[in-house]
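Thank you for letting me take a few minutes of the meeting today. I would like to walk through one protein chain slowly, starting from the whole and ending with single residues, so please have the sequence and the structure open while I talk.

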Amino acid sequence: MNSETHHTENCTSSFDMVLIPAGLLIQGSKDGYNEEIPLREIELESFYIDRYPVTNAQYKVFCDEQGLSYPEQPCWPEMPDYFIKYPNFPVVNVSWTEADSYAKWAGKRLPTEAEWEYAAAGGLKQPAYPWGDEDPANR
């Protein structure tokens, strides 16, 4: 994938984005769940996507500026106060609507499902898993 970096103008700080070149996504599965059938080809225009997940610290700035509640604590007893004590970890327990609001606030947009799958494949053609075709039990 192309690693050209784009910095958004409307953010409180620059968040790295990567340009994903246009291409063809083969989405779905011939052997998967009913909602994955049939295989379909989707032609994608080039698009930008964040290089890294949104962190707790980035999402906290958004919440504080917008007067919003922080996300709920995940059910991880080994990581109490996750949102506050782990600022550089990915934000979790955020709904699609909340993520969309954050993206708009940051001057961005959420990727479509097809864009997300295409970027996650990292140039692989229809991998079974984001890392390729290796069975998770063998990893």
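Before I give any numbers, one word has to be settled: a residue is called buried when its relative accessible area is under 20%, exposed when that value is over 50%, and partly exposed in between. With that in mind, buried residues account for 27% of the 139 residues in the protein chain. Please also keep in mind from the start that what you see is a predicted model.

How confident was the predictor, then, on average over the protein chain? The mean pLDDT is 87, and 89% of the residues reach 70 or more. There is, however, a stretch where I would ask you to be careful, namely residues 1-14, over which pLDDT stays under 50, even though the model has 37 contacts beyond four places in sequence for them. Where pLDDT is low, the predicted coordinates should not be read in detail.

Let me turn to the overall layout. The protein chain has 4 helices and 5 strands, and when we follow the chain from the N terminus, the order of these elements is β-β-β-β-β-α-α-α-α. If we take the contacts between residues at least 6 apart in sequence, 51% of them join residues at least 24 apart. As for the outside, the protein chain exposes about 9500 Å², of which carbon and sulfur atoms supply 52%.

Now to the strands, beginning with β2, which covers residues 16-20 and is mostly covered, since 4 of its 5 residues are buried. Which strand pairs with β2, and in which sense? The partner is β5, residues 47-50, and the two run in the antiparallel sense over 4 bridges. A good residue to look at here is isoleucine 20, which lies in β2 and stands opposite phenylalanine 47 in β5. Isoleucine 20 has a relative accessible area of 4%, and therefore it counts as buried. From isoleucine 20 to tyrosine 48 there are 28 residues in sequence, yet their C-alpha atoms are 5.9 Å apart in space.

The next strand, β3, spans residues 23-27 and contains leucine 24. Is leucine 24 buried or partly exposed? Its relative accessible area is 32%, so leucine 24 is partly exposed. Together with Ile26 and Leu39, Leu24 makes a nonpolar surface patch of about 200 Å².

Compare this with leucine 44, which is found in strand β4 and counts as buried because its relative accessibility is 9%. Leucine 44 and leucine 24 are 20 residues apart in sequence, with 6.1 Å between their C-alpha atoms. Beyond its neighbours within four places in sequence, leucine 44 is in contact with Ala22, Gly23, Leu25, Ala114, Glu115 and Tyr118.

Between β3 and β4 there is a loop that holds proline 38, and the peptide bond leading from isoleucine 37 to proline 38 is cis, with omega near 5°.

After β5 we come to the loop before α1, where threonine 55 is found. Threonine 55 has a relative accessibility of 16%, so it still counts as buried although it belongs to a loop. Its contacts, leaving aside neighbours within four places in sequence, are Pro87, Asn88, Phe89, Pro90 and Val91.

Moving on to the helices, which residues of α3 are buried? They are Asp100, Tyr102, Ala103 and Trp105, and what covers them includes α1. Following α3 comes glycine 107, with a positive phi near 80°.

Two other residues have a positive phi without being glycines. One of these, aspartate 81, has a phi of about 55° and sits in the loop between α1 and α2; with a relative accessible area of 46%, aspartate 81 is partly exposed. Asparagine 93 has a phi of about 60° and lies in the loop between α2 and α3, and because its relative accessibility is 44%, asparagine 93 is partly exposed.

If you take one pair home, let it be leucine 24, which is partly exposed, and leucine 44, which is buried.

Terms used. Residues numbered from 1 in each chain as written. Predicted model: local features only at pLDDT ≥ 70, side-chain atom pairs only at ≥ 80, totals over all residues. Heavy atoms only, no water. Buried < 20%, exposed > 50% of the residue type's maximum accessible area, 1.4 Å probe, protein only. Contact = heavy atoms within 4.5 Å. Areas by Shrake-Rupley, 256 points an atom, 1.4 Å probe, with all protein chains shown as cover. Patch = residues over 30% accessible without salt bridge, like charges linked within 9 Å, V, L, I, M, F, W, Y side chains within 5 Å. Salt bridge = Lys/Arg side-chain N within 4 Å of Asp/Glu carboxyl O. Pairing = 2+ DSSP bridges. pLDDT = per-residue confidence, 0-100.
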